[in-house]
Amino acid sequence: MNKIIIENSIIESNDKLTESIYLLKVHSPIIASKIKPGQFCNVKVSDTDYPLLRRPFSICDVENHLIVFLYQVVGVGTEILAQKMEGEVLSILGPLGNGFNFDDDFETAIIIGGGIGVAPFPFLIRNITNKKIVSYIGFRNKNEIVDYGLTNCKYATDDGSFGLKGTCIDLFKSENTILNSKTKIFACGPNPMLKSLIEYCSDKNLNCEVSLESAMACGFGICQGCVVESKEDDEYKLVCKDGPVFKFNEIKL
Amino acid sequence: MEIDLSVNIGKLKLCNPIVLASGTVGYGEEVANFLDLSKIGAIITKSISLKPRRGNSPQRIVETSSGMLNAIGLANVGLDEFVKTKIPILEKLNSNVICNIAASSIEEYVECTKALNEFEIIKAFEINVSCPNVKEGGLIFGNDLTAVGKITSEIRVATNKTIIIKLSPNNSNIAEFAKVVKQEGGDAVSAINTLIGTAFDIYTKKPILKNITGGLSGPAIKPVALAKVLEISRSVDIPIIGLGGIMNWKDVVEFMIVGASAVQIGTVNFINPFAAYEIIDGLIKYCKNNSIINISQLTGTYQI
Ligand SMILES: Cc1cc2nc3c(=O)[nH]c(=O)nc-3n(C[C@H](O)[C@H](O)[C@H](O)COP(=O)(O)OP(=O)(O)OC[C@H]3O[C@@H](n4cnc5c(N)ncnc54)[C@H](O)[C@@H]3O)c2cc1C
Ligand SMILES: Cc1cc2nc3c(=O)[nH]c(=O)nc-3n(C[C@H](O)[C@H](O)[C@H](O)COP(=O)(O)O)c2cc1C
């Protein structure tokens with residue numbers, strides 16, 4: 001298990017990419033040297049007791065001493081984060097959770113990202129070498145599309161304003177990608193999307209890993225808040241410590 | 001000037017007054033990887049029940065104004081597994097271990113205490129009569145003076161170790177409960193457990209927690225906790241471990257002034273897992289600046 005640390009990190013940049021999505025880069029040399037694709041950090045967005053808890057964000061990329069997050073403004077914490085300026089300091093706890101397994105034997109990596117679910121993939125893609133990569137990404141509409149750091153993208157939008165009309169799962173199924181035992185799928189997005197993907201992968205016997213989200217307090221396995229049902233037994237698994245990346249057949253959504 | 005941070009709770013001596021609260025340090029092993037537990041007064045393990053508990057269905061956690069609601073539902077590995085796999089790990093941690101027990105009957109409290117009593121590593125028992133998140137047991141006892149008295153006296157028979165009864169703030173006469181604990185041979189009380197609260201989604205009109213209600217913790221509850229500690233300390237002569245919303249050393253000093261001999265920190269561990277260290281450093285500075293040689297001198301020094 002990796003040792004968690006808190007790094008007080010100076011903001012390098014915090015840029016608005018779309019109406020609601022931002023790209024944040026901070027100086028965190030220690031976390032940058034340790035963190036793996038699919039892991040996450042827990043960020044304190046204020047110095048006060050409000051909001052109280054840290055906010056979890058996937059590692060989006062690492063550039064030397066910088067760690068990069070891609071986040072969507074959805075509530076009070078991310079609203080505060082979006083106001084942060086270059087030079088300000090953020091307290092960052094990490095690295096947390098277990099990342100993607102990308103050392104196993106596959107030839108094609110299929111990336112599936114729904115909305116802000118694209119966040120963990122730039123760092124994963126950077127770390128997958130000598131393999132074919134295809135990215136299927138879906139957003140609500142054309143203005144919300146973010147393909148930062150992705151390769152070989154195919155697009156879907158809910159309203160059809162760009163690419164296929166439908167979800168990234170519809171898109172993935174509609175393309176006649178060659179799926180076999182040498183294909184590995186990496187997916188992240190809203191639970192209903194992952195649920196339908198998990199069913200599809202079970203049917204077709206495909207190798208797939210999904211990255212989950214859940215409300216959580218600590219992020220390191222103590223509070224027991226972020227449970228997800230295990231497929232193998234009646235027990236719960238913790239998204240923060242057993243995940244956030246799970247094999248598709250480990251969990252029940 | 002050498003500052004003595006040590007305090008006594010019954011027969012239990014702590015190297016400093018900072019105790020990590022039940023439910024916020026797991027069974028110790030989860031935090032031992034990044035904390036040197038020998039530097040911290042004591043740790044209290046997650047509530048153990050006779051049988052394993054899976055806990056409540058998610059969503060289990062929601063943040064509220066300067067606080068959080070949890071409805072974990074006492075998820076724990078159960079007595080047998082605790083003895084088999086957790087105690088051997090606790091034995092290696094070089095920590096003062098207080099074992100927290102939750103139960104749904106008086107017999108169950110006694111059975112757990114008896115089974116755990118032989119383990120040297122367990123220095124004291126904290127009896128949770130106040131968990132708001134389970135249907136049976138828990139708070140039903142916490143609101144019943146006779147039951148709390150009976151639990152205390154029967155556990156007293158089962159162990160010579162320090163007994164701490166963890167009291168609920170969800171009643172109007174906490175001092176009466178502390179009185180009963182003292183009468184029946186309890187060594188100390190801890191106050192407070194979480195306050196019952198809830199939160200609703202205004203669009204779906206559904207409760208955010210699957211359990212509907214949860215236990216409120218964090219800075220939002222500190223004023224309530226302080227008032228409860230003060231209430232006990234003004235009417236009962238029993239050591240109090242104060243807790244509820246402590247975020248920093250100043251909060252600790254405040255709890256000690258109103259009557260706490262030691263304190264527990266809970267929710268803050270989620271935000272800053274190194275908070276205990278920072279608090280201990282802060283207490284040393286405070287003592288130095290205020291010519292306090294033994295921090296225990298601070299307890300109950302309120303000027304009212
Ligand atoms: C492992 C992990 C990785 C994540 N990675 C990213 C990322 O890379 N980019 C990104 O934009 N977002 C990511 N999220 C989601 C992000 O953490 C939330 O959007 C953020 O916490 C919302 O905070 P807020 O204060 O703006 O919203 P609010 O709605 O005000 O937050 C209120 C509370 O809801 C909790 N909460 C957060 N997520 C959920 C959820 N899925 N279900 C229920 N409650 C939740 C928060 O912890 C907070 O306590 C990730 C979440 C997890 C668990
Ligand atoms: C996630 C969570 C789990 C908890 N689990 C337990 C428990 O198992 N047993 C117990 O006696 N108290 C439990 N508590 C209560 C805490 O020990 C403490 O009484 C309470 O949180 C108030 O202190 P705080 O404001 O410092 O967190 C839990 C609290 C939280 C937030």
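For the classes used here, Ala, Val, Leu, Ile, Met, Phe, Trp, Tyr, Cys and Pro count as nonpolar, Asp, Glu, Lys and Arg as charged, and the others, Gly among them, as polar. The structure is a predicted model, in which local features need pLDDT of at least 70 and side-chain atom pairs count only at pLDDT 80 or more, while totals for chains, interfaces and linings use all residues. Residues are numbered from 1 along each chain as its sequence is written, and chains are lettered from A and ligands numbered from 1 in the order in which they are written.

A good place to begin is ligand 1, which lies between chains A and B. Its shell holds 24 residues, with A:Gly75, A:Gly77, A:Thr78, A:Ala119 and A:Ala215 the closest; a residue is near a molecule if its C-beta atom, placed from the backbone, lies within 6 Å of it. By class, the shell around ligand 1 is made up of 15 nonpolar, six polar and three charged residues. Ligand 1 also lies between domain 1 (5-96) and domain 3 (212-253) of chain A, because both give residues to its shell.

Ligand 2 is likewise found between chains A and B. Around ligand 2 there are 26 residues, and B:Gly23, B:Ser47, B:Ser217, B:Gly266 and B:Thr267 come nearest. The shell of ligand 2 has nine nonpolar, 15 polar and two charged residues.

Turning to the domains, whose bounds come from an automatic or database domain assignment, chain A is divided into domain 1 (5-96), domain 2 (108-210) and domain 3 (212-253). The C-alpha centres of domain 1 and domain 2 of chain A are 24 Å apart. Between these two domains of chain A, 15 residues of domain 1 are in contact with 13 residues of domain 2, contact meaning C-beta atoms, placed from the backbone, within 7 Å. On the side of domain 1 of chain A that touches domain 2 of chain A, nine residues are nonpolar, four polar and two charged.

Last comes the interior. The largest nonpolar core has 178 residues, and B:Ile164, B:Val189 and B:Val263 have the most contacts inside it. Such a core is a set of buried Ala, Val, Leu, Ile, Met, Phe, Trp, Tyr and Cys residues joined through C-beta atoms within 7 Å, where buried means that 20 or more other C-beta atoms lie within 10 Å of a residue's own, exposed 12 or fewer, and partly exposed in between. Beyond its neighbours within four places in sequence, B:Val189 is in contact with residues including B:Ile164, B:Leu167 and B:Ile240.
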